[in-house]
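Thanks for asking me to look this one over with you. Have the viewer open while you read, and click on each residue as it comes up.

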Amino acid sequence: VDGSVPPARGWPELALFSLLLVGAACLAALAVMRGARIAHTDRRLLYLVLGVTGVLAITLLLLPALPSDDVFSYILYGRIAAVHGANPLIAVPADFPHDPFLTLVFWRNTRSVYGPVWLLLSQALALIAQATGGSLIAYVLLFKLLGLAAHLANVVLIWAILGVLAPRRRLMGTLVYAWNPLCLLEFCASAHNDAIMLTFLLLAVYCFVREWEHAGLVALGLSISVKFVPLALLPLYLAWIWRRQRAAGRARGDVALALAWQVGLVALVMAVVAVPYWAGPRT
């Protein structure tokens, strides 16, 4: 507590924040419960959800304090490529001691642990921030705006996915994510890159449920290339394909070849987006 807020008001402030967060979670749960009673899928409901989500998200976007300092690492990795002309998969923030934002970074001796799609986005945001003056406010606001846009996109994608898989639970399922206080806080206030990872992952799921297999595999490769967490879902997807194909009567060898081709396409997407940062075995 003493490391986060001034000691004079540390515990009371933490207690108040906890009370507000629990209260917000209870209100979100109440909205989900009420949404479960609404079975129709009028698009006006989506507009209502997006409108309220936008108000909540913009409120947190304008929050002067940052719940997490990860955004400063994102900024430095973007600046390493855009300003210093180095490779964030090889160079570390501490290699640039005169960078004005270095003192804000905790992981100063760590190379980027994120994938090339996120590094490309960070580099692009760094270029935009530099073009608008290069202030810390500009950098943080751009990353927060990206998180907000991703969160809203995720809401629309979940609505679209449930429209195919579970139309009667469409509103309820969308509210589970859209008004979730943790998602709003982490994506719109902290600008965590998990929001972008989820956008590509949900896009992949949407493509799969629409049976657009190639597009879904490309989106899955892009999601993994933001952050490597979705790799844990790849075996589950392959097992699902195996069961479907075997149930359709295809021979095991044919199914194995199909799975190998799908893994190869995901790997190809990851390799293509990694080209700008590839520097041999050191990468």
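Here are my notes, as numbered points, on charged pairs, helix packing and nonpolar cores.

1. Before anything else, keep in mind that this is a predicted model. Everything below should be read with that in view.

2. Let's start with charge. Side chains of opposite charge can pair when their charged atoms come close. In this model the count of salt bridges comes to 3, and it's worth visiting each of them.

3. The pair D42 and R44 is a good warm-up. Their closest N and O atoms are 2.7 Å apart, and the two residues form a salt bridge. Are these residues buried or exposed? D42 is partly exposed, because its relative accessible area of 26% falls between the cut-offs of 20% and 50%. R44 counts as exposed, because its relative accessibility is 62% and the cut-off is over 50%.

4. Next, find D99 and R79, another salt bridge, with 2.8 Å between the closest N and O atoms. Here the partners come from distant parts of the chain, 20 residues apart: D99 sits in the loop between α3 (70–82) and α4 (116–131), while R79 belongs to helix α3. Buried means under 20% relative accessible area, so D99 at 5% counts as buried. R79 is buried too, with a relative accessible area of 6%.

5. Stay on R79 for a moment. Which residues does R79 touch, not counting those up to four places away in sequence? The list is H84, D99, P100, F101, A126, Q130 and Y139. So the salt-bridge partner D99 turns up there, and so does Y139, which will come back in point 7.

6. The remaining salt bridge joins the side chains of K227 and D194, at 3.1 Å from N to O. K227 lies in the loop between α9 (213–224) and α10 (234–247) and D194 in helix α8 (residues 194–209), so this pair ties together parts 33 residues apart in sequence. Both K227 and D194 are buried.

7. Now for helix packing. The axes of α3 and α5 come within 10 Å and cross at roughly 105°. Angles from 65 to 115 degrees count as roughly perpendicular, so that is the label for α3 against α5. On the α3 side the contact is made by V71, F72, Y74, I75 and R79, and on the α5 side by L136, Y139, V140 and F143. Sorted by type, the residues of this contact are 8 nonpolar, no polar and 1 charged.

8. Helix α6 (residues 170–178) deserves a look as well. How many of its 9 residues are buried? The number is 7, so the helix is mostly covered. The buried ones are R170, L171, G173, T174, L175, Y177 and A178. What covers them includes α1 (10–35), α2 (43–61), α5 (136–165), α7 (181–189) and α8.

9. Finally, the nonpolar cores. The largest has 55 residues, and V49, V71, I75, W118, F143 and L175 touch the most other members. Helix α5 gives the most to this core, with 12 residues. Try V49 as an example: leaving aside neighbours within four places in sequence, V49 is in contact with V155, L171, T174, L175, A178 and W179. Apart from the largest core lies another one, of 15 residues, including L234, L238, L259 and V266.

Definitions and conventions:
Residues are numbered from 1 along each chain as its sequence is written. This is a predicted model: local features need pLDDT of at least 70, side-chain atom pairs count only at pLDDT 80 or more; totals for chains, interfaces and linings use all residues. Side-chain values use heavy atoms; hydrogens and water are left out. A salt bridge is a side-chain nitrogen of Lys or Arg within 4 Å of a carboxyl oxygen of Asp or Glu. Buried means under 20% relative accessible area, exposed over 50%, partly exposed in between (1.4 Å probe, protein chains only). Helices (H or I, at least four residues) and strands (E, at least two) are DSSP runs, numbered from the N terminus. Contact means heavy atoms within 4.5 Å. Axes are lines fitted to C-alpha atoms, for helices over the stretch in contact, and angles run from 0 to 180 degrees between N-to-C directions. Angles under 35 degrees count as roughly parallel, over 145 as roughly antiparallel, 65 to 115 as roughly perpendicular and the rest as oblique. Ala, Val, Leu, Ile, Met, Phe, Trp, Tyr, Cys and Pro count as nonpolar, Asp, Glu, Lys and Arg as charged, and the others, Gly among them, as polar. A nonpolar core is a set of buried Ala, Val, Leu, Ile, Met, Phe, Trp, Tyr and Cys residues joined through side-chain atoms within 4.5 Å.
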